[in-house]
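Me: I have a model open and want to go through the fold with you. Can we start with the basics?

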Amino acid sequence: MSSLDNSLEGRWSEGSAYVTYQFPAWGNVVMAGTRVESRRYDITGVADDPVGGTHLFPSLHVERKLDKWLTANLSYSGRISWPGLADLDPRPRFSDPTSATAGNALLRPEKTHSLELKLMAKAGNHSADLTAYYQRTRDLRSYVTELEGNVLVSRPVNVGTRTSRGANLQVRGPLLKGIKYVISGYLARETIANADLSGLDDANISYGGSLQLEYRDGTEGRAGADHI
């Protein structure tokens, strides 16, 4: 029978630095930035160190006043999602004698690049924000299960890319005396393109909305104040 020892020992160290610089340019307010992020792993009992490394992520935000009531903001940014220690330790961890989970020492971190355009409008006490975005994540993590001997082993792998695009809208302001409203809605489309495994290509569309009403009468925290 396989050993049911599920102990895991290890550590990771991480360092990061971020710098930004804001300046005016051709009627715009521009803020450029760069983030450097590094991580190293050390897992006890694993001869080969898992994938770590140093990554550079530039960012850019450009804001422009289109009119007295309308402002536009265009931004680009990147981020990284590192795997955990259990995702990298290749030794099986048994839940019972015939099934186990294991890590993948060659697992790469997920990297996401985002592009966003936001329009902010204001008319009196009413305001509205419309945001359109595009995100692309590569080295997407998923899990595969394989039969190894008499044991089903599930482990993480990098399977491809995820592309998300959509828009969010929020409108808010006073409705009647003491009553404020917030109306929000979104529409999104997500596509997963698999580069290595069959049967995982997928796309879906989601949408939704909400209406929130808030009533306040009196000063919050004092006797007689109402908040609904």
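Me: How many helices and strands are in the protein?
Reply: One helix and 14 strands. Keep in mind that this is a predicted model.

Me: What share of the residues counts as buried?
Reply: 29% of the 228 residues. The protein exposes about 14600 Å², and carbon and sulfur atoms supply 55% of that area.

Me: Which residues make up the largest nonpolar core?
Reply: Eight residues: Y41, I43, F57, I80, W82, L85, L88 and L107.

Me: And which elements each supply at least two residues of this core?
Reply: Strand β2 (28-43) and helix α1 (85-88).

Me: What does L85 touch, leaving out residues up to four places away in sequence?
Reply: L85 touches Y41 and I43, which also belong to the core. The others are L8, G10, R11 and W12.

Me: What is in the second core?
Reply: That one is separate and has five residues, including F94, A102, V151 and V153.

Me: Switching to sheets. What is the strand order in the open one with four strands?
Reply: β5-β6-β10-β9, with mixed pairing. The edge strands are β5 (93-96) and β9 (141-148), each pairing on one side only. From one strand to the next, the twist averages 30°.

Me: In which sense do β5 and β6 pair?
Reply: Antiparallel, over three bridges, with β6 covering residues 99-101. F94 stands opposite A100 in β6.

Me: Last one: what fraction of the contacts with a separation of 6 or more comes from residues 24 or more positions apart?
Reply: 55%.

Key. Residues are numbered from 1 along each chain as its sequence is written. This is a predicted model: local features need pLDDT of at least 70, side-chain atom pairs count only at pLDDT 80 or more; totals for chains, interfaces and linings use all residues. Side-chain values use heavy atoms; hydrogens and water are left out. Buried means under 20% relative accessible area, exposed over 50%, partly exposed in between (1.4 Å probe, protein chains only). Contact means heavy atoms within 4.5 Å. Accessible areas come from the Shrake-Rupley method with a 1.4 Å probe; for residues, only the protein chains shown count as cover. A nonpolar core is a set of buried Ala, Val, Leu, Ile, Met, Phe, Trp, Tyr and Cys residues joined through side-chain atoms within 4.5 Å. Two strands pair if DSSP finds at least two bridges between them. Axes are lines fitted to C-alpha atoms, for helices over the stretch in contact, and angles run from 0 to 180 degrees between N-to-C directions.
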